[in-house]
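User: I'd like to learn how to read salt bridges and buried parts in a model. Could you walk me through an example?

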Amino acid sequence: MIAMGFDAPGAPEVFRAEQLPVPNPGEGELLIKVAWAGVNRPDVIQRQGFYPPPPGASPIPGLEVSGTVVAVGHGVAPEMLNRQVCALVSGGGYAEYCLAHAGHCLHVPHGMDMAEAAAIPETLFTVWHNVFERGFARDGETLLVHGGTSGIGTMAIMLGKAFGLTVITTAGSEDKCAAARSVGADLAINYRESDFVEVAKEFTGGKGVDVILDMVSGSYVARNIECLADDGRHVTIAVLGGLKAEINMATIMRKRLTLTGSTLRPRSDRFKALLADEIYNHAWPLFEDETIRPVMDRAFPLAEVAAAHARMEAGDHIGKIVLEVAGG
């Protein structure tokens, strides 16, 4: 099979095509003939050399795919063969075939575009776990999402609205703010022109927001704490603005705040399977009836993965970037 890998970390141009053996599914695994693969920020960070794959994972980037099951390992129901699925994977998505744990797959509903299916798993699993499980967001609360037009951001806005949250988001231009509003954001703040802390406080009548989904970290953490309501929850899922933050612990005590965060890729297969079950029961019906559809940016052929990464790094995308593998 053809896969897109690299010999050493670097700029997007380090990607090169390579011929690899088609992998064989092991216990609890299935083999997917990949139609489309999603492109995500962790892929970029891996290519840059800062996010190595966990032990046992494929060194080929790619954390989500859609396609057809062509082989199953021991312990996987044989009726899975020939099914169209999308899957969260620990690596290997940028290839013509990819292994997935059977419990990390979701069936592709009839009529769903396979490119859209590939754009769902990584963002859906991440948002569900961090907003609703770690952030304990509940009906009637206010959620602040940074990076509202990213794949994660657009998914968080749509899921938040579907489950009764008021959603505030930040973005870096008026066009992006308009895009965030178009998918349901109640308030989109251009962070280049306004202080999101002041605007969020004004919007909530001085109360502050209940949950923050933060991809920035760094200096944003202290500002986030300022605009959290009492008993608020701050959930970090990326550190694009820096690994370290200086915070006032007295404020955390006074407001009774919770600071947490997570990374999904190194979690156990069992954890991801349980997460998939919860998503299937509570969120997947929203995708089956098209209440939620992923926001799509651009598609690139697998061979042009370098261009896809360059677009993500430029920050101009709105929604998900995907790679066409055998989607046609």
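Analyst: Happily! Let's begin with one pair: Asp-231 forms a salt bridge with Arg-256, with the closest N and O atoms 3.0 Å apart. A salt bridge here is a side-chain nitrogen of Lys or Arg within 4 Å of a carboxyl oxygen of Asp or Glu. Asp-231 lies in strand 12 and Arg-256 in the loop between helix 8 (249-255) and strand 13, so the pair ties together parts that are 25 residues apart in sequence. Helices (H or I, at least four residues) and strands (E, at least two) are DSSP runs, numbered from the N terminus.

This is a predicted model, where local features need pLDDT of at least 70 and side-chain atom pairs count only at pLDDT 80 or more, while totals for chains, interfaces and linings use all residues. Residues are numbered from 1 along each chain as its sequence is written, and side-chain values use heavy atoms, leaving out hydrogens and water.

User: Is Asp-231 buried or exposed?

Analyst: Buried means under 20% relative accessible area, exposed over 50%, and partly exposed in between (1.4 Å probe, protein chains only). Asp-231 is partly exposed at 38%, and Arg-256 is partly exposed at 46%.

User: How many residues of strand 12 are buried?

Analyst: Seven of the nine residues of strand 12 (residues 228-236) are buried, so this strand is largely enclosed by the rest of the structure.

User: Which way do strand 11 and strand 12 run?

Analyst: Strands pair if DSSP finds at least two bridges between them. Strand 11 (residues 209-214) runs parallel to strand 12, joined by five bridges; Val-209 has Leu-228 as its bridge partner there.
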